[in-house]
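Student: I've got a protein model with a ligand in it, and I'd like to learn how to read it. Can we go through it together?

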Amino acid sequence: MCGINGAVGLKNISELLFEGIRNLEYRGYDSCGVALMNKTRLILKKDVGGVEDVYRKHNVLQLQSNIGIAHTRWATHGKVTQNNTHPFASNDGNFAVVHNGIISNFRPLRDQLQKEGFKFSSETDTEVLAHLLEKFYKSSRDIEKAFVKVLNLIEGTYAIAFISSHLPGQIFCARRESPLMLGIGDEIKFVGSDFSAFIDHTKNAVILDDGEYAILSRDTYVVKNLLSREEITKPITKIEWDSETSRKGGYPHYMLKEIYEQPQTISNALDLEASGLDEIVELFAKSKNSYLLGVGTTFYVAKYAKYVFSQIAQEFYPSISSDEFRVLTNLNKQSLVFSASQSGETFDTLSALKYAKSKGARTAAVVNVMGSSIARLVDKVVLQGSGPEICVISTKAAVSQMVILTVLAMKLALKKKAITRKTYNQHMRALQELPEIIQGILNERSGFIHRLAHKYSGTRNWLYLGRGVYYPIALEAALKMKEVAYVHAEGMPGGFLKHGTLAMIDDDVSSIVFVPPPEDKSLYEATLHSIEEIRARSGFVLGIHFTEQGKNGALYSEELILPKVPPLTAPLIQLVIGQLFAYFTATSLKRNIDKPRSLAKSVTVA
Ligand code: F6R
């Protein structure tokens, strides 16, 4: 899982390449490198570390070139070392290659190349590409032919870009199951893993599909079909995001900026065109068995949706982690598989959807990135319009997806008369009030949450408890804590406590409980019961609740009292608190907020 960027233009492009690859760092940031052309000779600079450090260390910006490719890596094959960093050069130094994905048959290819005398400098799957290009070029003296031959030989997934000193004004690239797009500017062309690689320079993009390759030069570009080698006319996609939206806008971290953008992104979700949502509701209504999918955060979005569909529309749709989908499901033409994905590129979700398609099932998704693989694969897509989510940790995209899924459940309920128009309107009003309530909480409560998080930042173990629809909220809030603060946090339904977990309650284990509003009587009472079980064992409880009677020291060790809100939106408000609590704990612990360890934005490998 890595980021690819390339540019060919009239003037020196090393700075553009630097900006582009820095924008892609959310895809991977353990090492990075660049290949540029000095007249007709390739120069490679690469090292372990983030883009800024590596560029500074190797004085990359001093180099002059009007063509180049760059790469930022998140290791999958081979350790994080300079030798394993992209780009890779062929033995004769005439080809430089960057790659994202996995070449699954690289071992036999490597063995064969080694027998033929090619020397390998890395442990990666990618390096075979550079040597194969050299080998096939030597026999055909035609770079395009050599490239096609390589593409036909390799198995697995890839986005590839390379340059060659034999044709010093052209970039070659291709994709299979890893995103790659072209940026079409005047007298400059780009290739990138996503729009942010070139959004500052052009808003015109061409999205490559599987089985296609492209050749770019300063003034032209051509996209061809890999099988026929015939030219394909591809539509230009106008990128709607502006570059400012992609930047931090005064916040210390993207994570905080994105948490604060939620009033806006929820409004955007509520403004989505009704007809698109109605088409998806139609799919749910027609399907005989529907499944809700996602991984990581989006699995919790799917779990949240499971409760919402059940409560509002009286439909039970299992939620399944995409990576477990194949082994669990029984699909046919009457099935519907609905997935949530911020990036639209996540391998497990993409594979599950492809599998669903192969079984004849209908597919649909809510996705944040237009033109992404999932957005293009499914029968029906909702583009959630949350804008770029740069922090590796998902916040605003997930909450918007939860809102959209709630609207879908309401629409389905209305259609099948599980709720009246009056109830539908009441629910809709509750959702419409949500952005303002969240804005108020962000304005008025952030300081308190900051102090609370700081005070308890030494806590080693947290139990996050919720019942009913508050259970997926507890799971997602706990995931935020693990991801950004690296603090052990386990989400669990309140009912689990008495089946083993109570034995864990001691000074080293603290609990956060998401308490529903009292109007949700049975859930509220059951949750209080869980709290009492912990307090009876002298356990610490931070209660996040809506009861206005003021401080309830007997029940809670600490409490965060929220304004009275309708039960429909209460869990979403509590999730925002969970996001802030994780964020401030992480800042107290001086974590790397936007690029936490062992996490990448779009997991495009198995
Ligand atoms: C959580 C996180 C991951 C992603 C998961 C799915 O903060 O970043 O758990 O949610 O990898 O990614 P998408 O939504 O892009 O399919």
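Tutor: Sure! One definition to begin with: a residue is near a molecule if one of its heavy atoms lies within 4 Å of that molecule. Also keep in mind that this is a predicted model.

Student: Okay, which residues come nearest to the ligand?

Tutor: Start with the residues around the ligand, of which there are 13. From that group, pick out those that come nearest. They are S341, Q342, S343, T346 and E483.

Student: How far is a polar side-chain atom of E483 from an oxygen atom of the ligand?

Tutor: Let's look at polar contacts, where the cut-off for a pair of N or O atoms is 3.5 Å. S341 uses an N or O atom of its side chain, 2.6 Å from a ligand oxygen, while Q342 uses a polar backbone atom, also with a ligand oxygen at 2.6 Å. For the side chain of E483, the distance is 2.8 Å.

Student: And how much of the ligand does the protein bury?

Tutor: Picture the ligand taken alone: it exposes 410 Å². Now put the protein back, and the share of that area it buries is 93%.

Student: Let's move to the helices. How many nonpolar residues are in the contact of α8 with α13?

Tutor: Helix α8 (residues 274-286) packs against helix α13 (residues 396-415) at about 65°, with the axes 9 Å apart. The residues making the contact include L277 and F284 of α8, and V407 and K411 of α13. Sorted by type, there are 4 charged residues in this contact and no polar ones, and the nonpolar count is 10.

Key:
Residues are numbered from 1 along each chain as its sequence is written. This is a predicted model: local features need pLDDT of at least 70, side-chain atom pairs count only at pLDDT 80 or more; totals for chains, interfaces and linings use all residues. Side-chain values use heavy atoms; hydrogens and water are left out. A polar contact is a pair of N or O atoms within 3.5 Å; within protein, one must be able to donate a hydrogen and the other to accept it, and residues adjacent in sequence count only if both atoms are side-chain atoms. Accessible areas come from the Shrake-Rupley method with a 1.4 Å probe; for residues, only the protein chains shown count as cover. Axes are lines fitted to C-alpha atoms, for helices over the stretch in contact, and angles run from 0 to 180 degrees between N-to-C directions. Helices (H or I, at least four residues) and strands (E, at least two) are DSSP runs, numbered from the N terminus. Contact means heavy atoms within 4.5 Å. Ala, Val, Leu, Ile, Met, Phe, Trp, Tyr, Cys and Pro count as nonpolar, Asp, Glu, Lys and Arg as charged, and the others, Gly among them, as polar.
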